[in-house]
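Here are my notes for when you open the file. I have kept them in numbered points so you can follow along with the model on screen.

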Amino acid sequence: MEVVHLPATATPDEINAALRDHGYAIVDNLVPADLMDRIDAEMAPYVQDTLYGDDGFVGKHTKRTGAMIARSPAARELIMNPTALGAAGRLLEKATTFQLHLTQIISVFPGSKAQPIHRDQVAWDFFPFPQDYEVQCNILWALTDYTEEMGATRVVPGSHLLPDKHYTIEESIAAEMTRGSALFYTGKVYHGAGENRSDKVRQAINITYAVGWVRQEENQYLTTPLEVARTLPEDLLKVMGYQMGCFAMGYVGDFEDPMTVLHPPAERKVLNTDIIARKAGEAMDAQKLYADSTAA
Ligand SMILES: O=C(O)CCC(=O)C(=O)O
Ligand SMILES: [Fe+2]
């Protein structure tokens with residue numbers, strides 16, 4: 001089976017179209033090696049100190065090293081990559097906003113067994129999201145070259161459109177890619193880390209975005225200390241969740257914007273709820289239309 005590759009010039013719409021059709025897409029050489037070098041240098045001491053996983057799912061020879069916003073200024077650039085944000089925004093367009101879900105270097109060491117093939121959206125307590133509702137947009141950025149022998153991520157193309165099922169490794173393909181390339185995939189597509197049969201470490205930077213109304217897998221508010229958060233640009237803070245996740249989610253204090261905790265405004269302001277009235281109105285209109293259509 002041919003693996004879906006797009007060039008670095010692919011637009012967010014093209015990536016989104018590939019995600020809708022295949023459940024995944026590799027965008028080749030999307031960021032320069034220099035950015036990967038800087039992230040690697042900033043994160044290496046933390047990777048060194050990270051414990052191996054404690055079960056077969058996270059991997060007993062695999063390390064997961066998070067808190068990348070606090071630990072790596074260069075990682076902040078990757079999180080704000082315009083192509084990544086553009087594609088995530090389109091995939092998650094049914095929600096009012098989207099947010100950062102997790103940041104993590106996944107280091108698959110020699111001897112790591114293949115991870116069970118799974119869907120990432122099960123993280124929300126196995127809630128059965130509707131078939132046409134995408135809750136997350138995942139990206140695995142290749143920090144090292146990524147070969148099948150080294151444990152390249154396995155993907156079951158098209159499985160995002162199919163019912164829940166147990167897949168074997170043989171039914172999956174290896175998403176081989178070069179350093180700086182990015183594997184985009186939806187929360188519904190079946191996938192898993194491959195077995196590392198080589199003598200090299202396979203590393204990916206997992207940056208995932210999710211719709212604004214769900215709980216984040218990595219707790220961004222506790223992971224990045226407030227004194228660090230206060231130094232970050234506003235657009236990054238919003239992606240981290242320092243904005244309303246939808247009309248009701250995430251307020252602070254007396255129904256105020258969460259950003260006010262980091263940067264108290266000269267004048268306090270209660271959140272504007274016009275949007276609630278509008279959305280509620282739309283929802284009621286839709287319900288009325290539905291009721292009218294079924295009454296006939
Ligand atoms: O490391 C990989 O290739 C995939 C990891 C993964 O799918 C996960 O941890 O959910
Ligand atoms: Fe996964």
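1. A quick reminder before anything else: this is a predicted model. Please read every distance and area below as computed from it.

2. Start with the ligand site. Ligand 1 is surrounded by Arg64, Ile106, Gln115, His118, Asp120, Tyr146, Thr153, His191, Ala193 and Arg202. Sorted by class, that shell comes out as three nonpolar, four polar and three charged residues.

3. Now the polar contacts, which are worth clicking through one at a time. In Thr153, a polar side-chain atom sits 2.6 Å from an oxygen atom of ligand 1. Arg202 also offers a polar side-chain atom, here 2.7 Å from a ligand oxygen. For His118, the distance from a side-chain N or O atom to an oxygen of ligand 1 is 3.0 Å. As for cover, ligand 1 on its own has 290 Å² of accessible area, and the protein covers 94% of that.

4. Next, have a look at the small matter of strand order. The open sheet has three strands, running E7-E6-E9, with antiparallel pairing. Strands E7 (173-174) and E9 (191-192) are the edges, each pairing on one side only. E6, residues 154-155, is joined to E9 by two bridges in the antiparallel sense. Within that pairing, Val155 has His191 of E9 as its bridge partner. His191 is also one of the residues around ligand 1, so do keep both views open when you check this residue.

5. On cysteines: how many disulfides does the count come to? Zero. Cys137 is in no disulfide, and the nearest cysteine sulfur to it, that of Cys246, is 19 Å away. Cys246 is likewise in no disulfide, its nearest cysteine sulfur being that of Cys137 at 19 Å. A pair would need its sulfur atoms within 2.5 Å to count.

6. Are these two cysteines buried or exposed? Cys137 counts as buried because its relative accessible area is 0%, under the 20% cut-off. Cys246 has a relative accessible area of 17%, which is also under 20%, so Cys246 counts as buried too.

7. Last stop, Met68. You will find this residue in helix H3, which spans residues 68-71. Met68 is at 0% relative accessibility and is therefore classed as buried. If you want a distance to check, try Met68 to Gln99: they are 31 residues apart in sequence, and their C-alpha atoms are 15 Å apart in space.

Technical notes. Residues numbered from 1 in each chain as written. Chains lettered and ligands numbered in written order. Predicted model: local features only at pLDDT ≥ 70, side-chain atom pairs only at ≥ 80, totals over all residues. Heavy atoms only, no water. Pairing = 2+ DSSP bridges. Helix = DSSP H or I, 4+ residues; strand = E, 2+ residues; numbered from the N terminus. Buried < 20%, exposed > 50% of the residue type's maximum accessible area, 1.4 Å probe, protein only. Near = heavy atom within 4 Å. Polar contact = N/O pair within 3.5 Å; in protein donor to acceptor, adjacent residues only side chain to side chain. Areas by Shrake-Rupley, 256 points an atom, 1.4 Å probe, with all protein chains shown as cover. Nonpolar A, V, L, I, M, F, W, Y, C, P; charged D, E, K, R; others polar.
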